[in-house]
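Biologist: Got a minute to go through this one with me? I'd like to start with strand pairing.

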Amino acid sequence: MYEFSVVGGKTAREIISASRQDIVDVVRDTYLAHHAGDSVNPDSYFLRFPEKPDARIIALPAHLGGDADVSGIKWISSFPANIERGIPRASAALLLNDYETGYPFACLEASQISAARTAASAVLAAEQLTGGRTAARMTVVGAGIIARNILEFFRARDWEVGQVTVHDKSEEYGSALAAHATDALGYPAGTESDLTAALTGADVVVLATTAAEPYITDPGALAPGQVVLNISLRDIGPELIEGAYNVLDDVEHCMKANTSPHLAEQKYGDRHFVTGTLAQVVRGEVAVGDDKPVVFSPFGLGVLDLAVGLHVFRAARASGDAVEIADFFGETSRW
């Protein structure tokens, strides 16, 4: 009852690398549980800094019922200036709490977990929205850690990709991701410095940037039938959102913080452009066509972090790689 464990990032990364197939299924089941109301997922809370307007630390509390029956919170920072230092933009910790007593039982390094749940949701959406696991051409915009994880999850799910095209403002980062796609994942890959050329002809587009406002605004930038994974949320202008099928992870959560769907809601005054949620697509309750672009916009749900974090924790405990902290709680009785 009073055990407390720590799982480091290296262990988390190894577990995730060995179980990406399973993690996509965990994410799918969690979306369905959330859709069924077997979760509590409050709004995220943002800590901002007047002297660093682009930086923030976000708290994502949540509870997931069912077999998981776990509560917790992810505390994740986003400091874009880190990229200029050559270090990751995001860092995170995840605390898991026992639902019966409320006592925390584990703390996990969570940047790996956060990246994994993001990548798993992206690949799950691609599978559901394309109806398969094939792309003649896939374009990735933004060549950071999230993009790398997404490609790794595509590979783990046995996606057949004829060509990966990488577009990034940094030639160095773009070339590094393209090399990783080819050398480590076996996907033919190259870079494209022109955004329009990168987007043109792609079956699947992955947007994984740190953009704070839309830069894809040309009315013809996205093609009918093209599946766009709007992972970074703010890349696409509201006019393009209005002209697309829009699938969200959670409508209320996504309509805030000037995400692309939120900007569209503000511009048009309603949500007529929302097709439905990914869980509704999985359940067959809504469908998309090929007469318009298809955009998936996931705000990122705390319940996904709990589900993937619990998966990692259980695997770490089973392998003996979770570090037990003796006497973490100073008092275990009232008297």
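Biologist: Which residue in β17 does Tyr245 stand opposite?
Modeller: Val294. Keep in mind this is a predicted model. Tyr245 belongs to β15, residues 245–248, and four bridges join that strand to β17, residues 294–297.

Biologist: Parallel or antiparallel?
Modeller: β15 and β17 run parallel. β15 also pairs with β16 (residues 274–277) in the parallel sense, over three bridges. There, Asn246 stands opposite Val274.

Biologist: And which way do the β15 side chains point?
Modeller: Tyr245 and Val247 go one way, Asn246 and Leu248 the other, and all are buried.

Biologist: OK, switching to packing. How many residues are in the largest nonpolar core?
Modeller: 75, and Leu96, Phe154, Trp159 and Leu229 have the most contacts inside that core. Helix α3, residues 111–130, gives the most to it, with ten residues.

Biologist: What does Leu96 touch, leaving out residues up to four places away in sequence?
Modeller: Among them are Val70, Tyr103, Phe105, Leu306, Leu310 and Phe313, plus Gly72 and Gly309. There's also a second, separate core of 21 residues, which includes Ile216, Cys254, Met255 and Val274. That Val274 is the one opposite Asn246.

Biologist: Now pockets. What volume does the second largest one have?
Modeller: About 290 Å³. It's lined by 14 residues, and Val26, Thr30, Leu64, Ala68 and Ala307 are the closest to its centre.

Biologist: Which helices supply at least two residues of that lining?
Modeller: α2 (20–35) and α11 (302–319) each do.

Biologist: And how does the lining divide by residue type?
Modeller: Six nonpolar, four polar and four charged.

Conventions
Residues are numbered from 1 along each chain as its sequence is written. This is a predicted model: local features need pLDDT of at least 70, side-chain atom pairs count only at pLDDT 80 or more; totals for chains, interfaces and linings use all residues. Side-chain values use heavy atoms; hydrogens and water are left out. A nonpolar core is a set of buried Ala, Val, Leu, Ile, Met, Phe, Trp, Tyr and Cys residues joined through side-chain atoms within 4.5 Å. Buried means under 20% relative accessible area, exposed over 50%, partly exposed in between (1.4 Å probe, protein chains only). Contact means heavy atoms within 4.5 Å. On a 1 Å grid over the protein atoms alone, a cavity is a set of points where a 1.4 Å probe fits but cannot get out, and a pocket is an open set with protein on both sides within 12 Å along at least five of seven lines; lining residues have an atom within 4 Å of a point. Grid points are joined across faces, edges and corners, and a volume is the space filled by probe spheres set on the points. Ala, Val, Leu, Ile, Met, Phe, Trp, Tyr, Cys and Pro count as nonpolar, Asp, Glu, Lys and Arg as charged, and the others, Gly among them, as polar. Two strands pair if DSSP finds at least two bridges between them.
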